[in-house]
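Here is a protein model to walk through, one stop at a time. Keep the picture open beside the text and look up each residue as it comes along.

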Amino acid sequence: MPIKLLSKSYTDIYGNATDSYKANAGDKIVTTINISSDIYVRSSSLNTMSFDAIDGTLTQSNGDFIESGFRVGQTLTWKYVNTSNVVTSTFTPTIVSVSATRMELSGTYPSLNLTSTQDYIWFLYATDVHDEIELGVNYVRNDNPQVKLDSLLDGEVSRFIYKGLNAMSVTDVVNLTQIGKKSGQFDITNVTIERLADSTDVYVSGRSVRNYEISFTTIFNGILFPDLFVGTKCLNQYSKLAFKVVQGEGFNPAILELNDKSDTGFFDEAYNSEIPDVQSFNGLQANLYYNQDNVITFDIEVEGTSLSQLECGGCYVTKDDSYNYNVASSQSALLHLLKTDLVDAGDIATEYTSSGAYPFKVVLDSFSYVDATNRTFSVGITLKPQYSTDLFGKFIEDRGDSDRLFYLWVKAGNTNKLIYGGQLEYAYAVGQEISTDLYVITNHYYNSDYSDLTTPVNCTDFNPQDDVAYIANVPLSKNDDNQSVNVSVVVRNSVTEEEIKLDQVTFDLTDQDLDYFVTQTATISNNLPQSSAKKIAYLMQNTYVDPDLVARVYFPFSIDWKYWNDLVITSPEFLASGVSNNDWEGLQTGNWGLNVKLEVNRNDTTDYLYRPFIVYDYDVNPVTSTIALYTYPDLTASTNIKEGQQMLIEASHFNTLGNWGSDVYGQIVIENYEGTPEWRMSTIIDTNTDATNPLYGITDDKLTTSGLSTDTIVFTCLLDTTKLTGGNFTIYSKISDEREIGGDGFVFTTNIDVFNTNNVNFITE
């Protein structure tokens, strides 16, 4: 190889150097590559050579003379080396012509027709050196064997060159110049090459070889690609070095590529495979605002007591990829990025400014730590969006409601803990509680959107995965500067009044004329059948008496139960309780409870109204239930799902306290275990007409029900297993005989257990 890798290292902000790339999203890493550069070739058992003395032609069986650096007009040194590593003959021919496997020589060369053997090795080298280097840097998927320099964002290539290596003396350091564009990257800085001391006697006596050190600093751009860190996925840093003998030549340079499997992570990860140094963290923010300063305090406990400094970082990430395309000079001029570098108590009151045309600032307000077994840091910072000076805050405002994604984090050892990861919001002053005659929640039984302005029934029977709807009458006045109506599901601390938002819909009123109110709608993404009324949220006129309007808001949502799906924003109290996921039932702990929150933003003030609700656990009432499977139509009992067949699902519910009532309702659901899609049949609404739904009715589009007014009710439906994808499934059923109250919903164990966790059946094909 004309270019040989001698060593490589990747150094993080703490000075930790490794020989493989390790970084979390937003980390600054210094890459150092030491190489030797030579123009030579040698014979071997895999690359035999032969020489025709009649026409002076040297041929090799493999390799590429041109890529190795040989050019017409060069004077070669050709040495025979025997098995004792002794040079037995030396020739100095001149290259007349050269191709990949053939060189025509003139001048001094052997007078015999020869072939290299195991007894001799032929070494051929030139006194010329490579005169130009080109460096390309990119981040590539670790599961993609076809690595290339085209960025994941828009296909641009980040390249740096230097011409004039031949004139460099030992210890000279020069900067490489960026060429082209670098979309998809943050700044790549300090790109240098240094000539090191030559190596001597590297492969033959009397020969010396040039050595170089290439160095550059990157910000790991994993911030832009969160989907590439799901599971064990990650991104690799890919570097490609091309060395040219003649400046500007456009063919067959000598290439060295580095694409080691990297160890990279997103936020709240210790790279991809390490145990986090962070033991606990208190400081995740529910909201950050772009129109005011945000004062933030956090405590972070780090394993051991050797770490004494932390780093804070922040970055805006647009969802508009075209905004990032073809950036000629600096990607970070658009993707505003701030890094404080390592800070401690000596940096208190220091102000740090982001890159970009519309910068934001972070000020270190306080910094201290205490030691026990581990070291706990207490830190205060202020995020300044500079809204009043028409900088980052105003820039974010102009991006629109759904394009304000912002990450703020603290780096501690091997982990970057998120302080905030979400859409920046406008801060309204807190107003007064909304006075209204209606704010209720209905459950699955009431399949109406109440757009006919009838009065809904207020329910309390809510269980995990239930589909429910919030309906409220909202007072508005055209004398106000009406800005928006928001409805959200929040988990709220009744003592500290801290809130964490779980779901939300927003209706923009900035262009609404209350005299001619136009109904607004929003599609709700859920797995409910199309016949469900809980698919569309709306804000519509109820009554209007000048100047006041009463609007009706309808917000359907499903009660989340994804215990396997971590929340991005959570609370130390939940962490202490072992709950930091999207199972809303588990968020009802201590002083925390679930609420639907209605907000009316007007006159730069937020008026509000809370409607608490409780999610009841399954299996809280004295009901014994089973789920059975049968092949269909022969009704042979089965202990598992039979692939490619029609089956019948039978859910039996025995009431140990007596007979069921006459108004029982319920559902049967099948879903991929701990995932989607989810399919259901109900006694209330028709089955989804979607042809991909594997559940269907026996006689109509609802569950078949038998046993009303007895102690045992049986729900049945059919299952088309040809429509199932995946290998593991959960089947469950819910029953309720109280339309409004009770909380009597259940997930049942079955007599076909293959695997059972928390009363959820894990059924395999």
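Let's start with S402: setting aside its neighbours within four places in sequence, S402 is in contact with K319 and Q423. Bear in mind that you're looking at a predicted model. To find S402, go to the loop between helix 1 (392-399) and strand 30 (405-412). Is S402 buried, partly exposed or exposed? With 43% relative accessibility, S402 counts as partly exposed, because that class lies between the 20% and 50% cut-offs. There's also E425, 23 residues away from S402 in sequence and 10.0 Å away in space, going from C-alpha to C-alpha.

Another loop residue makes a nice contrast. T589 sits in the loop between strand 41 (581-583) and strand 42 (592-602). Its relative accessibility is 18%, so T589 counts as buried, since the cut-off for buried is under 20%. How far apart are T589 and K702 in sequence and in space? They are 113 residues apart along the chain, and their C-alpha atoms are 37 Å apart.

Now for the sheets. Strands of a sheet pair through backbone hydrogen bonds, either parallel or antiparallel. One open sheet has five strands in the order 23-24-29-28-27, and the pairing is antiparallel. Why do strand 23 (278-282) and strand 27 (351-353) each have one side without a neighbour in the sheet? They stand at the edges, each with a single partner strand, so one side of each is left free of a neighbour there. On average, neighbouring strands of this five-stranded sheet are turned by 25° against each other, direction ignored.

Another open sheet has four strands, ordered 5-13-8-9, again with antiparallel pairing. Here strand 5 (40-42) and strand 9 (87-91) are at the edges; each has a single partner strand, so one side of each lacks a neighbour in the sheet. The twist in this four-stranded sheet averages 15° from one strand to the next.

Want to trace some pairings yourself? The table lists antiparallel pairs, each with its bridges and one pair of bridge partners.

| Strand pair | Bridges | Bridge partners |
|---|---|---|
| strand 27 and strand 28 (361-371) | three bridges | Y352 and V362 |
| strand 8 (76-82) and strand 13 (120-126) | seven bridges | T77 and Y125 |
| strand 14 (132-141) and strand 15 (158-163) | six bridges | L135 and F160 |
| strand 15 and strand 17 (177-179) | three bridges | F160 and Q178 |

F160 turns up in two rows of that list. Its bridge partner in strand 17 is Q178, and F160 is itself the partner of L135.

Last stop: the second largest pocket, with a volume of about 510 Å³. Which residues lie nearest its centre? They are S525, N526, S558, D560 and K562, out of 27 residues that line this pocket. Several elements give two or more residues to the lining: strand 36 (499-508), strand 37 (520-523), strand 39 (548-558), strand 40 (561-566) and strand 48 (678-682). Strand 36 gives the most, with five residues. Sorted by class, the lining of the second largest pocket holds 10 nonpolar, 11 polar and six charged residues.

Methods:
Residues numbered from 1 in each chain as written. Predicted model: local features only at pLDDT ≥ 70, side-chain atom pairs only at ≥ 80, totals over all residues. Heavy atoms only, no water. 1 Å grid on protein atoms, 1.4 Å probe; cavity = no way out; pocket = protein on both sides within 12 Å on 5 of 7 lines; lining within 4 Å. Points joined across faces, edges and corners; volume = space filled by probe spheres on them. Nonpolar A, V, L, I, M, F, W, Y, C, P; charged D, E, K, R; others polar. Pairing = 2+ DSSP bridges. Axes fitted to C-alpha atoms, helices over the stretch in contact; angles between N-to-C directions. Buried < 20%, exposed > 50% of the residue type's maximum accessible area, 1.4 Å probe, protein only. Contact = heavy atoms within 4.5 Å.
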